[in-house]
Amino acid sequence: MNNQQLLELLYQMSGHELMYREDERSWTNEGTPAWNAARIAEGLTDAAVIPFLHRLLEENSKEESFKRNIYFMLGKIGSNTGDSRVVDVLIERLDTETNKYTLSSILDQIAEQDKVPECTPIIKWIQDSRWLVRHSAIMALKKCNCEASETALLGVIMNSSDVNDLCYAMASLCEAGSARSIPHLLTRLEHDQGEVRSSVIRALDALGDSSHLPIFVEALKDPSPAVKSYAVTAIHHHGDERAIDAVCNRVKKMVNRKRKWASDDLILALDFLSRYKDDHHQIQNLILWIKTKKYDYLFDEEKQRVLSFS
């Protein structure tokens with residue numbers, strides 16, 4: 001794609017058309033020229049156009065939506081090719097932009113790159129008063145695998161009262177954190193919002209080990225479905241025979257009534273129990289009960305998993 005074609009694609013991405021979907025009785029941009037152009041941009045792999053896009057940014061300093069399309073395009077080229085020049089351009093432009101949507105767009109694209117070697121230009125934005133910018137900055141730090149980024153994220157966990165700040169910081173720590181984050185995560189385990197507690201369990205799963213199994217088992221009693229879901233995943237990763245009773249009880253509750261949709265939690269729980277099926281009668285009894293009493297409550301993949309115990 002030459003420079004002129006690239007420019008035309010950027011202008012196509014700027015369209016604001018909507019299409020009405022009769023089947024859903026709603027308006028959407030899916031299938032419009034702008035939507036199709038963005039899908040083309042997502043697949044770009046020609047790193048030779050990076051200098052041209054950089055120049056366009058400098059020449060279109062007042063057209064915010066157009067600049068955001070350029071940042072989107074740069075980000076996709078960077079994530080598709082791993083070219084470090086994209087990160088350099090994005091970091092450089094953080095100090096030139098003031099519009100919150102444009103800043104957020106830059107930070108979102110930084111978060112999609114394979115690696116960000118320098119986190120200092122990002123850290124200052126996690127204190128921004130504009131939540132859109134702040135949250136994007138917190139997520140961008142997940143690609144800065146260094147002590148400074150982890151320290152900054154822990155600062156959010158220790159000091160912020162914003163639920164989304166906390167959840168985004170824990171999500172980033174899943175990639176950028178280390179064992180030293182764990183004591184700080186535990187301070188949020190009793191948070192009154194289930195969304196935060198589930199983020200703690202998810203981060204402990206990523207950063208912890210089997211020594212945290214009692215926490216995961218206890219989390220199966222949490223009133224939040226999300227907490228229980230992440231706890232099952234963590235037990236699947238780190239669990240041993242100590243968790244068998246708790247997982248059996250969780251499975252019983254899940255299959256005791258008809259559900260509207262299949263559950264990955266149930267598949268993971270059954271997979272965990274299958275590791276110990278030959279040596280524990282309560283597992284064998286549970287599977288027999290499901291087959292004879294609750295089999296019709298299962299979805300197809302769940303049925304296949306139960307039948308595999310035979």
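A salt bridge is a side-chain nitrogen of Lys or Arg within 4 Å of a carboxyl oxygen of Asp or Glu. Keep that in mind as you work through this predicted model.

**Exercise 1. Decide which residues pair with Asp83 and Arg242 in salt bridges, and how exposed each partner is.**

Solution.
Step 1: Start with the general idea. Side chains of opposite charge can pair when their charged atoms come close.
Step 2: Asp83 pairs with Arg85, and their closest N and O atoms are 3.0 Å apart. This is within the 4 Å cut-off.
Step 3: Now look at exposure. Asp83 has 17% relative accessibility, so this residue counts as buried. Arg85, at 36%, is partly exposed.
Step 4: Arg242 meets Asp240, with 2.9 Å from N to O. Arg242 is exposed at 52% relative accessibility, while Asp240 is partly exposed at 25%.

**Exercise 2. Work out which parts of the chain the salt bridge between Arg305 and Asp271 ties together.**

Solution.
Step 1: The closest N and O atoms of Arg305 and Asp271 are 2.8 Å apart.
Step 2: Arg305 belongs to helix H18 (residues 300-307) and Asp271 to helix H16 (residues 264-274), so the bridge ties together parts that are 34 residues apart in sequence.
Step 3: Arg305 is buried, with 18% relative accessibility, and Asp271 is partly exposed at 25%.
Step 4: Salt bridges can also share partners, as in the network that joins Glu64, Lys67, Arg93 and Glu97. The whole structure holds 16 salt bridges.

**Exercise 3. Place Ser149 in the structure: is this residue buried or exposed, and what does its side chain meet?**

Solution.
Step 1: Find Ser149 in helix H9, which covers residues 147-159.
Step 2: Its relative accessibility is 0%, so Ser149 counts as buried.
Step 3: A polar atom of the Ser149 side chain lies 2.2 Å from the backbone oxygen of Cys144.
Step 4: Beyond its neighbours within four places in sequence, Ser149 is in contact with Cys119, Leu141, Cys144 and Ala176.

**Exercise 4. Describe the lining of the largest pocket and of the second largest pocket.**

Solution.
Step 1: The largest pocket holds about 390 Å³ of space, and 21 residues line it. Helix H6 gives the most to this lining, with 5 residues.
Step 2: Sort that lining by class: 7 residues are nonpolar, 10 polar and 4 charged.
Step 3: The second largest pocket holds about 330 Å³ and is lined by 13 residues. Helix H15 supplies the largest share, 3 residues.
Step 4: Here the classes are 4 nonpolar, 1 polar and 8 charged. Among the residues nearest the centre of this pocket are Arg250, Arg257 and Arg259.

Note on methods: Residues numbered from 1 in each chain as written. Predicted model: local features only at pLDDT ≥ 70, side-chain atom pairs only at ≥ 80, totals over all residues. Heavy atoms only, no water. 1 Å grid on protein atoms, 1.4 Å probe; cavity = no way out; pocket = protein on both sides within 12 Å on 5 of 7 lines; lining within 4 Å. Points joined across faces, edges and corners; volume = space filled by probe spheres on them. Helix = DSSP H or I, 4+ residues; strand = E, 2+ residues; numbered from the N terminus. Nonpolar A, V, L, I, M, F, W, Y, C, P; charged D, E, K, R; others polar. Buried < 20%, exposed > 50% of the residue type's maximum accessible area, 1.4 Å probe, protein only. Polar contact = N/O pair within 3.5 Å; in protein donor to acceptor, adjacent residues only side chain to side chain. Contact = heavy atoms within 4.5 Å.
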